[in-house]
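Here is a walk through some charged pairs, a run of strands and a surface patch. Have the structure open as you read.

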Amino acid sequence: MKNLLIATTALVATAGVAAADISVSGDGRMGLVYNSQDTLLSGDSNIKISSRLRIGFSASGETDNGLSFGGFIRADNAGFNFDGGGGVNGRAGSVFISGSFGKLSMGDVDGAAKAAVGQVSGIGYTNLSDINEITYLNSGTDLNGDGSDDTLYPTPSALYEYAAGSTVFYVGIGQIGTQIGTVSLPGGGFAVGEVGQSYSVGAKWSNDNGLTISGGYEATNDVAGTGDASDWVLGAQWTNGTWGVKGIYLQGEWAGFGDVRQYAVSGDWTTGATTVTAFVTRKELEDFDLDTTSFGLGAAYDLGGGATLAGGIASVTPLAGDDYTVGDLGVKFNF
Amino acid sequence: MKNLLIATTALVATAGVAAADISVSGDGRMGLVYNSQDTLLSGDSNIKISSRLRIGFSASGETDNGLSFGGFIRADNAGFNFDGGGGVNGRAGSVFISGSFGKLSMGDVDGAAKAAVGQVSGIGYTNLSDINEITYLNSGTDLNGDGSDDTLYPTPSALYEYAAGSTVFYVGIGQIGTQIGTVSLPGGGFAVGEVGQSYSVGAKWSNDNGLTISGGYEATNDVAGTGDASDWVLGAQWTNGTWGVKGIYLQGEWAGFGDVRQYAVSGDWTTGATTVTAFVTRKELEDFDLDTTSFGLGAAYDLGGGATLAGGIASVTPLAGDDYTVGDLGVKFNF
Amino acid sequence: MKNLLIATTALVATAGVAAADISVSGDGRMGLVYNSQDTLLSGDSNIKISSRLRIGFSASGETDNGLSFGGFIRADNAGFNFDGGGGVNGRAGSVFISGSFGKLSMGDVDGAAKAAVGQVSGIGYTNLSDINEITYLNSGTDLNGDGSDDTLYPTPSALYEYAAGSTVFYVGIGQIGTQIGTVSLPGGGFAVGEVGQSYSVGAKWSNDNGLTISGGYEATNDVAGTGDASDWVLGAQWTNGTWGVKGIYLQGEWAGFGDVRQYAVSGDWTTGATTVTAFVTRKELEDFDLDTTSFGLGAAYDLGGGATLAGGIASVTPLAGDDYTVGDLGVKFNF
């Protein structure tokens, strides 16, 4: 739940004054996580205490001619993080301006393909390291939680969105120039050097019966001097409020990885305050003869007031090493 | 003083809506600190300008069935700090859930012994580097102000509290597994490698005449492969509003340190807006034939509105090196 | 625009209660920056996406006898930054106390000469790396945006201000002792080692016809063991609401730099919501036979509600290397 600060001017408001606001929100979680390979957690234990608290700020305003503008940044992303990225240089958080022309965002924004297609449902109170998620080329995904993106998508980047009827169109462009990055995958990851221009397009169509069809294309040129990378992705989602299913298929060729195929499917079933979720996510890097598969089952119970009891268990076949099982059980909060 | 943000929903409140809130608070201080050994401050000066400003966020909510939940994190602790700890991974700040079953907290929480017994009173507007405080094994104490704990207590840790009449019981458990840590003591410190399981228990009993008796036991297994560490601690406190005294005794055996004994006593005398405080704190590490003693005298004058004028002077016999005198004089603020 | 949090006590306010408050504000920007030397931006591109979002906290309170106190810190400056400076140790942000005696501030505050004379107008939505600004010896300037100052002025420092009629007097003192620092100049910079005492004085006089005359003197002793550094600076400013001009001249001798001369002039012309600005800034380090000149032209259009459309273009003759042209075009926001 977001909390609205009352602007000073609002307290002495006169007609016609456009007020800029900042609202403060937050999220937290606490519980236990499990990993069958104890070396993946700390020391020789399979169980770990895992908690966190994050605070975020949403800024918003309106120009005299009716354009909206604003942005969002978390307190933990505000300054420089380990790799020099943060809200102060646009490598975390984002700002936007919007109007009848659409919405233009800059900062740590997603590429157009990810913005259109998204991810399948995850499980657990920690989302289990996001193992349900496919890896987009231009995702701006902060996989390791250090506040800046880990993928080939150099930030600050820009995302343009335009809604026409039941369809939303997306166009994205990565930082013009180059940047060091890392592609993270379950059980491994690939460091990449400089990359060239990144760009992406996407579209999402929804109807009144709960059906959403989406797709996108994304590319990054000159990946570490080894060539280009590109992929296309399709998504389909349907929900009737009780049942929901979502599927994603991504196929492309990434310089340094060869042919890349990723599949993800999730299903959600909600009854009362309880939602049960299952997913399967598979990633194939054919030239390396490497693939990783994760599948999991979880449940969440809405405690009300912003608190949710959630747990999940999943099996992971990583890029390297033995299969392992992960799970968690805890409470997550929205403030 | 805490400042309550008005939740958006509160502005449009309907009966029965449980609202989550975030309040913003802060503390600051400004003044001069003195050290008789100029090499302990910057350059060849015995006097240093010392100021700071910190902002904190308290989150709170309530579930439909009446459980309370929330947390606290400071802005400067929100992201990753020097050693990789921060609010985003539960190594700074904390979250909690509470109800008739008691209160369970996770994050950078104290061990049960410290939570029950606490510390004696400190002096000065900067608290003079906390030289009044004893060092708990499982304290989660941020001695160097880098936002994560310096002691053997691996975070995120968990603390459970339960109040039964005039007695509060505490049970603590450190991060399950291992973690690199450092034990800081005045004039020195000891780096430790991996540690095993940490746990602690404590209790605090108070009566209506201002008397509080407290005690605790804490242990950490497998300290850097050299053995276990454990101690017990007793505390007694009495106040009648004008006079207050507190005493703490800790005794144990810490792997790598041998027998450990710590004593601390403080007295407070309040008249009008003025409080005068004195303390003596002594720490003995017998196997190393090392000990450190600090004693000090200070006064604080409540300026009202959240501001306090405070100063203190103390003598320190450090673990290594010559005795030195420290002092400060300045103003501290609560927002 | 600042946003006032309603203090808890204000909600239950009783007469005579002095309440401490924290208000949240922010600024953001988004657009494109240009550099004719592509190697100065990322990769082989002359154009770069540049955005950011920053959140700030203003704390304020009042003592029972009517003294005001408070402070300001940005979220990105709250914790430790790259060089160990941050709001928690007074090397970023600041706190103050004020009354009829004047105002005393501590933290990352300006020296007295800079506080009195300031800078000429800059251009563009990013201020083009502050190339309009002269470099003060005791400026506490965060030239590289890492949250702590880059110049010879060790922080936390102190600044005292006193207004007598139409004149404001300033006295500043740097951290007593030493500190490693760096002097940054366009196209280069000089690392300095330990410095001794820094101090500064300044004054600013204004009349009712828009004229302001200002001046200051500042000195730092024992700069990296090579000697002392000092300079004096004069400023003059005039505005009638439509036209504004400002000029600054600084002359001194800086150990390790020799004779230093800096000149800056800017002019502003405002019509309706549009302001056009031009500046010339020149810095001469005579002993090194080095100088740098920047001149630029920009325009800003006030969109209302805290948003401004701004752009600028400037030519830079750096200390080393070829001349280059920089420019930007974007939107900046105040929340």
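In this predicted model, a salt bridge joins the side chains of Arg52(C) and Asp27(C), at 3.9 Å from N to O. The two partners sit 25 residues apart, in distant parts of the chain: Arg52(C) belongs to strand S3 (residues 47-62) of chain C, and Asp27(C) to strand S2 (residues 21-35) of chain C. Are they buried or exposed? Arg52(C) counts as buried because its relative accessibility is 17%, under the 20% cut-off. Asp27(C) is buried too, at 18%.

In chain A, Asp27(A), Arg52(A) and Arg54(A) are tied together in a network of salt bridges. Over all chains, the structure holds 18 salt bridges. Here are some of the pairs:

| Side chains | N to O distance |
|---|---|
| Arg52(C) and Asp27(C) | 3.9 Å |
| Glu284(A) and Arg282(A) | 2.8 Å |
| Arg282(B) and Glu284(B) | 2.8 Å |

How covered are the partners in chains A and B? Glu284(A) is buried at 14% relative accessibility, while Arg282(A) is partly exposed at 26%. In chain B, Glu284(B) is buried at 14%, and Arg282(B) is partly exposed at 27%.

Now over to the strands of chain B. S13(B) and S14(B) run antiparallel, joined by 11 bridges; one of the pairings puts Asp231(B) opposite Gly252(B) in S14(B). Three residues lie between these strands in their hairpin, where Gly241(B) has a positive phi near 95 degrees. S14(B) also pairs with strand S15 (residues 258-271) of chain B, antiparallel again, over 12 bridges, and there Val245(B) has Gly267(B) as its bridge partner. That hairpin also has three residues between its strands, and Gly256(B) in the turn takes a positive phi of about 90 degrees.

S14(B) itself shows alternating side chains: one face is buried and includes Ile248(B), Leu250(B) and Trp254(B), whereas the other is not, and includes Trp243(B), Tyr249(B) and Gln251(B).

On the surface of chain B, Val171(B), Ile173(B), Tyr199(B), Val201(B), Tyr217(B), Trp232(B) and Leu234(B) make up a nonpolar patch with about 600 Å² of accessible area together. Strands S8 (167-173), S11 (198-206) and S13 (229-239) of chain B each give two or more residues to the patch. Trp232(B), for one, lies in S13 and is partly exposed at 36% relative accessible area.

As for confidence, the model scores ipTM 0.88 and pTM 0.90. Chain A has a mean pLDDT of 84, with 81% of its residues at 70 or more. Residues 1-18 of chain A fall below 50, though, and so do residues 143-148 of chain A.

Conventions. Residues numbered from 1 in each chain as written. Chains lettered and ligands numbered in written order. Predicted model: local features only at pLDDT ≥ 70, side-chain atom pairs only at ≥ 80, totals over all residues. Heavy atoms only, no water. Patch = residues over 30% accessible without salt bridge, like charges linked within 9 Å, V, L, I, M, F, W, Y side chains within 5 Å. Areas by Shrake-Rupley, 256 points an atom, 1.4 Å probe, with all protein chains shown as cover. Salt bridge = Lys/Arg side-chain N within 4 Å of Asp/Glu carboxyl O. Helix = DSSP H or I, 4+ residues; strand = E, 2+ residues; numbered from the N terminus. Buried < 20%, exposed > 50% of the residue type's maximum accessible area, 1.4 Å probe, protein only. Pairing = 2+ DSSP bridges. pLDDT = per-residue confidence, 0-100. Contact = heavy atoms within 4.5 Å.
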